[in-house]
Amino acid sequence: MSYTVPDVSSLPALSDPLETAKRLAAYRAIDENVDFKNDKVIGIGSGSTVVYAAERLGQYLKDLKYTECVSKFICIPTGFQSRALILDNGLKLGTVDNYPEIDVAFDGADEVDTNLQLIKGGGACLFQEKLVSTSAKKFIVIADHRKQSPHYLGTNWTKGIPIEVVPAAYVRVQNDLKKLGAHKIVLRQGTPAKAGPVVTDNNNFLIDADFGQLEDPKSLYFKILTLVGVVEVGLFIDNAERVYFGNSDGSVTHADRK
Ligand SMILES: O=C[C@H](O)[C@H](O)[C@H](O)COP(=O)(O)O
């Protein structure tokens with residue numbers, strides 16, 4: 001029997017309501033933002049929410065109405081996990097080197113403010129995520145309701161801004177972050193899974209720097225980015241075009257950049 005992409009409204013709920021919310025947001029985002037006729041290159045981000053975006057693309061691939069176009073899509077990953085998601089769903093893998101212009105990219109977020117500025121990097125991916133999201137004509141974010149900030153970044157996500165740094169510079173960057181006004185600065189540890197610091201997909205370290213609530217994330221972003229040793233900052237400024245939130249009542253809402 002031939003396979004048909006399941007209708008979002010007919011999906012049975014998952015055992016964890018949060019996973020149901022993430023899946024709904026991701027499926028809706030793919031359904032409404034992939035142009036199956038014209039898109040060629042798709043960015044696939046990292047984290048637990050984007051798993052469902054790759055899954056949805058995999059469903060389209062199996063549906064004979066879409067197989068021909070989806071099998072031609074080149075999917076650009078944002079790290080190791082993301083690469084595996086692409087391959088596991090039978091999708092074609094590419095790199096930003098080969099495909100520097102991405103039609104649409106999908107990714108999760110740790111917090112989204114009312115202007116669609118984002119904190120990302122809670123799962124230790126951020127440099128390649130930024131490379132992909134800023135190479136995309138359209139960057140679409142998918143998240144569950146916990147990520148929607150009532151106003152400022154730093155309200156819901158209180159672990160600090162993730163900052164990827166060159167290992168040789170981590171002490172210097174920590175000192176410089178203190179001078180910039182960070183209240184709490186932590187070199188992210190891999191324990192209990194790994195003794196010692198988390199090492200990113202780019203062989204760097206991660207610092208989480210808590211600056212409290214961010215009234216002006218853009219200016220802080222540029223201040224941190226110019227510190228010697230900083231590779232990239234987990235503040236995604238003026239980047240997301242639309243964010244889909246999966247809500248606890250099973251609805252999906254979205255917000256657009258003004
Ligand atoms: O480093 C991780 C990425 O920025 C993720 O996209 C972010 O942490 C959101 O992840 P999740 O969808 O698991 O909440």
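Tutor: Two residues are taken to be in contact if their C-beta atoms, placed from the backbone, lie within 7 Å. The model discussed here is predicted.

Student: How many residues of domain 1 are in contact with domain 2, and how many of domain 2 with domain 1?
Tutor: The domain assignment of the protein gives domain 1 as 8-150 + 238-256 and domain 2 as 161-233, and their C-alpha centres lie 25 Å apart. Counting the contacts between them gives twelve residues on the side of domain 1 and, on the side of domain 2, eleven residues.

Student: Which helix gives the largest share of the side of domain 1 that touches domain 2?
Tutor: The residues on this side of domain 1 divide into six nonpolar, five polar and one charged. Three of the residues, the largest share, come from a single helix that spans residues 127-133, namely H5.

Student: Which helix contributes the largest share of the largest nonpolar core?
Tutor: This core has 69 residues, and those with the most contacts inside it are Ala 25, Ile 44, Ala 53 and Ile 142. At least three of its residues are drawn from each of domain 1 and domain 2. The largest share, eight residues, comes from the helix at residues 50-62, which is H2.

Student: With which residues is Ala 53 in contact, leaving aside its neighbours within four places in sequence?
Tutor: Ala 53 is among the residues with the most contacts inside the largest nonpolar core, as are Ile 44 and Ile 142. Once the neighbours within four places in sequence are left aside, the contacts of Ala 53 are Ala 26, Ala 29, Ile 30, Ile 44, Phe 106 and Ile 142.

Student: Which strands stand at the edges of the open sheet S5-S6-S12?
Tutor: Three strands form this open sheet, and the pairing is antiparallel. Strand S6, at residues 118-119, pairs with S12 over two bridges, and Leu 118 stands opposite Phe 236 in S12. One side is left without a neighbour in the sheet where a strand has a single partner, so the edge strands are S5 (111-112) and S12 (235-236).

Student: Is Leu 116 buried or exposed?
Tutor: Leu 116 lies in the loop between S5 and S6, and its phi is near 65°, a positive value in a residue other than glycine. Most residues other than glycine have a negative phi. Because 21 other C-beta atoms lie within 10 Å of Leu 116 and the cut-off is 20 or more, Leu 116 counts as buried.

Student: Is Asp 238 buried or exposed?
Tutor: Asp 238 has its place in the loop between S12 and strand S13 (242-246), with a phi near 50°, which is again positive in a residue other than glycine. Since 12 other C-beta atoms lie within 10 Å of Asp 238 and the limit is 12 or fewer, Asp 238 is exposed.

Student: What is omega for the cis peptide bond between Thr 191 and Pro 192?
Tutor: Pro 192 is placed in the loop between strand S9 (184-187) and strand S10 (205-210). The peptide bond that joins Thr 191 to Pro 192 is cis, with omega about 5°.

Student: How are the residues of the shell around the ligand divided into nonpolar, polar and charged?
Tutor: There are 17 residues around the ligand, of which Gly 47, Ser 48, Thr 49, Gly 108 and Gly 123 come nearest. Sorted by class, the shell divides into four nonpolar, nine polar and four charged.

Technical notes: Residues are numbered from 1 along each chain as its sequence is written. This is a predicted model: local features need pLDDT of at least 70, side-chain atom pairs count only at pLDDT 80 or more; totals for chains, interfaces and linings use all residues. A residue is near a molecule or strand if its C-beta atom, placed from the backbone, lies within 6 Å of it. Ala, Val, Leu, Ile, Met, Phe, Trp, Tyr, Cys and Pro count as nonpolar, Asp, Glu, Lys and Arg as charged, and the others, Gly among them, as polar. Two strands pair if DSSP finds at least two bridges between them. Helices (H or I, at least four residues) and strands (E, at least two) are DSSP runs, numbered from the N terminus. A nonpolar core is a set of buried Ala, Val, Leu, Ile, Met, Phe, Trp, Tyr and Cys residues joined through C-beta atoms within 7 Å. Domain bounds come from an automatic or database domain assignment.
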